[in-house]
Amino acid sequence: MELKVFRDILCAGGGCCAAKAEIPVETEILISDYLPQVFKVVKCFVRPVVLQKQLQPGRLTLEGYVRCTVYYQGEDGAGLCQAEQKLPFHKVLELPDFAFTAWSAVVEGQTEYINCRAVTPRRIEVRGAYGLTASVCTQCSTEVITALSGCGIQQRPVTLRGVRQAAALDKLFAADGTVAFAGSPAAVLDISGSAAVTELKLLAGKAVAKGEIRAQCAWKEAESAALRSQEAVIPFNQILDVEGLTEDCQCLCAVEPVGFTLAEGENGGEARLTATAQLHLRAWRPFALNCVADAFSTACEVQCETAPLTTEQLACTLDETAAVTCSGPLPDENTRLLACFASFGPVGIDRAGSVPALTARVEVTAFGENSLGEIDSYEKTAELVLPLPDCPAAGEVWPVCWLSAERVEAGCTGGSLEVTVTVRAAGAVLGRESLPCLSSVETGEPLAPADPDISLRVYYAQPGEALFDIARRFHVSPGRMREANALDAGTETLAAACRLLVPGAPGN
């Protein structure tokens, strides 16, 4: 009798790795004639914006620009001022050479060092480096054995459950809105913001994402160095073409603002505010596939080989906020706080405690004017810890997450700086599980016939033994073992020590 082997294709977890690269930051920023001259450089921030990602065997190519923003104190009481420049970059990261059918990459990083100085009152020199970390995870199609038939074959089934990546889309888009200032701004120092997706609708090959971007404008009036704040809400509605997307997908969508442009309104009316943001969409399709974990025959010798099969699970999705606080003394107790910014380091998962937690370093930079009228920057660091009760406590997990500062509240009292940052985390946590499954099976010589003088054998089983393993030892089907010992139909593992009758075993 011929052994029949049935196979199918499983979307298994492929290679995962992290690669690092350094982006040099070297530029000169010229201060326009309509801006105040530089009296003192206060702080320089750099942030990369990745526009294109391309994965090829052995390498990941990143293209985008570094947004370099310099804050300085202007001459003649002009107060805090800002200048900005975008530096394009093209970076190739070396990766292990693994096969893949789907992939996703999250790019994070932090400033390694920045040196910024005023060469002349209208020229600022910036030298430094930004460290990028790209976390790449892939999936690949793998052939698996799903069933066996014939030759008295007995099989131990296992159900592999996981998710197949249906889409991984990163899109840069622009949204327009307006902002009404409470007065007549002489200068807008900075515009930052956060975003939230309020509605996500999935269609065949398309997705519709609706939400809003909340912008916070820091500005000052003419003849005044004091900063004022103005909020603006910009709605967005994005229709996305996403190949492979269906309505039954599990999906997440996050939006992070990366820049703002302000244009003056006509005749003193509302100013036009344009937000540039990156939309991150990830979609997975759940699957359950029955495979063969092990096999033997009651009629012939069988040679089996097993190999671990890895599946990817969507451990939990994230759309949470958490408050992070930090504080510390200032060199001058009479410091007057002007502005406060928050940035984030790479996201990780900490499972040292009883509940896994999402972690990231939060770096807070405050600008303050001391009693001598000079503006300085002050850095404080805090740790974001967001508990994840739905995240598995064991196994390989990694975050696909984007952080944004939803609100920054800062105060300076009695020479001490107190800052509270409300952080929004949007994304998901993925996990992987490996189970041994049959990779190949071959039949051999027929088994010796059963000894007619022995109708039953007795086997003393121990707690925790699998009935399938006992049946394989004697080349008897697990079903006959259950019948001979009046075991329940679903019995697979023996809970207690017992004596088992082994019927009609072939001879040895």
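In the predicted model, T69 stands opposite E84 of strand β4. Strands β3 and β4 are joined by 16 bridges and pair in the antiparallel sense. Both belong to an open sheet of three strands, arranged in the order β2-β3-β4 with antiparallel pairing. β2 (38-56) and β4 form the edges of this sheet, each pairing on one side only. From one strand to the next, the twist averages 15°.

A further open sheet is built from three strands in the order β8-β9-β10, again with antiparallel pairing. Its edges are occupied by β8 (185-203) and β10 (228-241); each has a single partner strand, so one side of each is left without a neighbour in the sheet. Neighbouring strands of the β8-β9-β10 sheet are turned against each other by 15° on average, direction ignored. β8 and β9 (residues 206-221) run antiparallel and are connected by 16 bridges. Within this pairing, K201 has V208 of β9 as its bridge partner.

The UniProt record, an unreviewed entry, carries the annotation "domain: SipL SPOCS" for residues 38-117 and 188-256. In the model, residues 38-117 are 84% strand and 0% helix, and the end C-alpha atoms of this span lie 10 Å apart. Residues 188-256 are 77% strand and 0% helix, with 21 Å between the end C-alpha atoms.

The second largest pocket holds about 1,200 Å³ of space. It is lined by 47 residues, of which A186, A187, V188, L189 and L262 are the closest to its centre. At least two lining residues come from each of β1 (4-30), β3 (59-74), β4 (79-94), β8, β9, β11 (250-263) and β12 (271-297). The largest contribution to the lining of this pocket is that of β8, which gives seven residues. Strand β8 is thus described both as an edge of the β8-β9-β10 sheet and as a part of the pocket lining.

Strand β6 (residues 123-149) contains T133. The relative accessible area of T133 is 18%, and the residue is therefore classed as buried, the cut-off being under 20%. Leaving aside residues up to four places away in sequence, T133 touches A19, K20, V106, V107, E108 and G109.

Notes:
Residues are numbered from 1 along each chain as its sequence is written. This is a predicted model: local features need pLDDT of at least 70, side-chain atom pairs count only at pLDDT 80 or more; totals for chains, interfaces and linings use all residues. Side-chain values use heavy atoms; hydrogens and water are left out. Two strands pair if DSSP finds at least two bridges between them. Helices (H or I, at least four residues) and strands (E, at least two) are DSSP runs, numbered from the N terminus. Axes are lines fitted to C-alpha atoms, for helices over the stretch in contact, and angles run from 0 to 180 degrees between N-to-C directions. UniProt positions are given in the numbering used here, feature names are shortened, and annotations may be inferred rather than shown by experiment. Buried means under 20% relative accessible area, exposed over 50%, partly exposed in between (1.4 Å probe, protein chains only). Contact means heavy atoms within 4.5 Å. On a 1 Å grid over the protein atoms alone, a cavity is a set of points where a 1.4 Å probe fits but cannot get out, and a pocket is an open set with protein on both sides within 12 Å along at least five of seven lines; lining residues have an atom within 4 Å of a point. Grid points are joined across faces, edges and corners, and a volume is the space filled by probe spheres set on the points.
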